[in-house]
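Me: I have a structure open and want to go through it piece by piece. Can we start with a helix and work outward?
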Amino acid sequence: MELKGRVVKKLADDFWVHVNNDTIKCKPRGTLKSSGIYVGDIVDVSLQNNLYIIENLHKRTNILIRPPIANLQQLIIVISSVPKPDYMIVDKLILFAYSHGITPIIVVNKQDLSESENQYINFAYGKFIKIICVSAKTGQNFYELKNTLKNKVSAFAGQSAVGKSALINMLLEKETAVEGELSVKIMRGKNTTRHSEIYCHDDIMIADTSGFTSLDERLLPIAYYELPYYYPDYNEYKSECKYSSCMHFNEPLQDCKIKQLVNDNKLDKFRYERYKKIYKILEEKWVRTHG
Ligand SMILES: Nc1nc2c(ncn2[C@@H]2O[C@H](COP(=O)(O)OP(=O)(O)OP(=O)(O)O)[C@@H](O)[C@H]2O)c(=O)[nH]1
Ligand SMILES: [Mg+2]
Ligand SMILES: [Zn+2]
C-alpha cells in the first residue's frame, strides 16, 4: 500500500512526511538521493518491515534553493503602518513570487494602530493582488487570513517588526514560536542556518523560511526585458502601447499607454518609479553578465 504525502522536515537521511493529518518518519529508497528530496516535495510512501520508505517523488511546481523548499504556493507579504512600509521591498517580493510561480498576497497588519496605508495599497496593488487587512492584536479579519492559507503551502515575508511571527503564532495556535524565527528576513549578510521546515496546523501549512536572507534584486531570475511581463497591472493595457515590445521605459509618452495612465494618475506613479528603478538595476546586471 502506498500513501501520498508531503515532506515537512528533513534532517540528514531522515524525512518527516505529512500524510492525512499524521506525520511519519521515513527513509528514502536506496535509489533516491537524500539530497534530491526537498522539504515541500510530494512523495509516495510505502510500509515495509515496519519502516516507512519514500518510494518516489512527484513532479514539482517550483523549487527554491535558498531556503531549500519545493512547491511553495503562496508568499504572504506582510506590511504595517509601523514600521513604515518600504514598497521597494514589496515590489521585489512580488517579482520574486511571480518569477517562481508563487501567488503573492499582501497582508496589512496592525490595523488596530492605523489604517493609513490601506488606501494606497488598494490603489497600487488591489487590482491584481489579494489584500487582507488584519490585526494580530485584535484578531481582525483573522478568519479571512486563515481561509486564504488553508490547504496551501505559504511562506511569510516582509520587513522586520511588521508582525510576521505574531500572525504565524496565531495561525498555528502556538505561543512559543520565537520572534524572528519563522520569517523571511529582509536583511543582508545575516547568516542563518539553511534548515527549512513546514509547520502544519488545521490544514494550514507554513514554511519556516528563516534561511531566506537577502532579497537583492540582482537575485531575481528576470532579464530586464522580461520585467514588464511580471506587471499584471501594466499587461492589462499594454496592447494599447504603440509597440508590442514596449518596455514602458524609454518610449515617448505618446507611444506608451502605461506612461499616459501614470501621468493621469490612473496607475500609481510611485510604483512606476520603482518599476523604472528595478528595470535599471536588472539592465545593469544584464550588461555586466552579457557584456
Ligand atoms: N499593535 C499591534 N502590534 C503588533 C501587531 N502584530 C504584531 N505586533 C507587535 O509588533 C512587534 C513585532 O512583531 P513580530 O511578530 O515580532 O514581527 P516580525 O515581523 O516577526 O519581525 P522579525 O522577526 O524581526 O522579522 C511585536 O512587539 C508585536 O507584539 C498588531 O496587529 N498590532
Ligand atoms: Mg519574526
Ligand atoms: Zn508602454
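Me: Which residues are exposed on the other side of α7?
Reply: Glu284, Val287 and Arg288 are exposed there. Exposed means that 12 or fewer other C-beta atoms lie within 10 Å of the residue's own; 20 or more makes a residue buried, anything in between is partly exposed, and C-beta atoms are placed from the backbone. Helices (H or I, at least four residues) and strands (E, at least two) are DSSP runs, numbered from the N terminus.

Me: Is this a predicted model, and what are the ground rules?
Reply: This is a predicted model, in which local features need pLDDT of at least 70 and side-chain atom pairs count only at pLDDT 80 or more, while totals for chains, interfaces and linings use all residues. Residues are numbered from 1 along each chain as its sequence is written, and chains are lettered from A and ligands numbered from 1 in the order in which they are written.

Me: OK, back to α7. Which of its residues are buried?
Reply: The buried residues of α7 are Arg271, Tyr272, Tyr275, Ile278 and Leu282. They cover an arc of only 120° around the axis, which puts them on the same side of α7. The arc is taken from the directions from the helix axis to the C-beta atoms.

Me: Why would residues a few places apart point the same way?
Reply: An α-helix has 3.6 residues a turn, so residues three or four places apart point the same way.

Me: What covers the buried residues of α7?
Reply: The cover includes α1, α2 and α6. Contact here means that the C-beta atoms of two residues, placed from the backbone, lie within 7 Å.

Me: What span should α7 have, and what is the distance between its ends?
Reply: Helix α7 runs over residues 269-290, and at 1.5 Å a residue its 22 residues should span 32 Å; the end C-alpha atoms are 31 Å apart, which agrees. The expected span is 1.5 Å times one less than the number of residues. Just after α7, Gly291 takes a positive phi of about 70°.

Me: New topic. How many residues are in the largest nonpolar core?
Reply: There are 52, and those with the most contacts inside the core are Ile76, Ile77 and Val107. A nonpolar core is a set of buried Ala, Val, Leu, Ile, Met, Phe, Trp, Tyr and Cys residues joined through C-beta atoms within 7 Å.

Me: Which helix gives the most to this core?
Reply: Helix α1 (residues 87-99) does, with 7 residues. Domain 1 (2-59) and domain 2 (64-208) both give residues to the core, so it lies between them. Those domain bounds come from an automatic or database domain assignment.

Me: What does Val107 touch?
Reply: Not counting residues up to four places away in sequence, Val107 touches Ile76, Ile77, Val78, Ile132, Val134, Leu145 and Leu167. A second, separate core has 14 residues, including Tyr234, Cys241, Cys246 and Tyr272.

Me: Where is Lys238?
Reply: Lys238 is in the loop between α5 (232-235) and α6 (257-263). Lys238 has 18 other C-beta atoms within 10 Å, so it is partly exposed. Leaving aside neighbours within four places in sequence, Lys238 is in contact with Pro228, Cys246 and Lys257. Lys257 is 19 residues away in sequence, and the two are 6.7 Å apart in space, C-alpha to C-alpha.

Me: Anything odd in the backbone?
Reply: The peptide bond from Val82 to Pro83 is cis, with omega near -5°, and Pro83 is in the loop between β8 (74-80) and α1. Ala12 has a positive phi of about 50° although it is not a glycine; Ala12 is in the loop between β1 (2-11) and β2 (14-19). Asn141, also not a glycine, has a positive phi of about 60°.

Me: Why point those out?
Reply: Most residues other than glycine have a negative phi, and most peptide bonds are trans.

Me: Last one. What is the mean pLDDT of the protein chain?
Reply: The mean is 90, and 89% of the residues reach 70 or more. Over residues 176-193 the pLDDT is below 50, although this stretch has 41 contacts in the model beyond near neighbours in sequence. pLDDT is the predictor's confidence in each residue, from 0 to 100. Where pLDDT is low, the predicted coordinates should not be read in detail.
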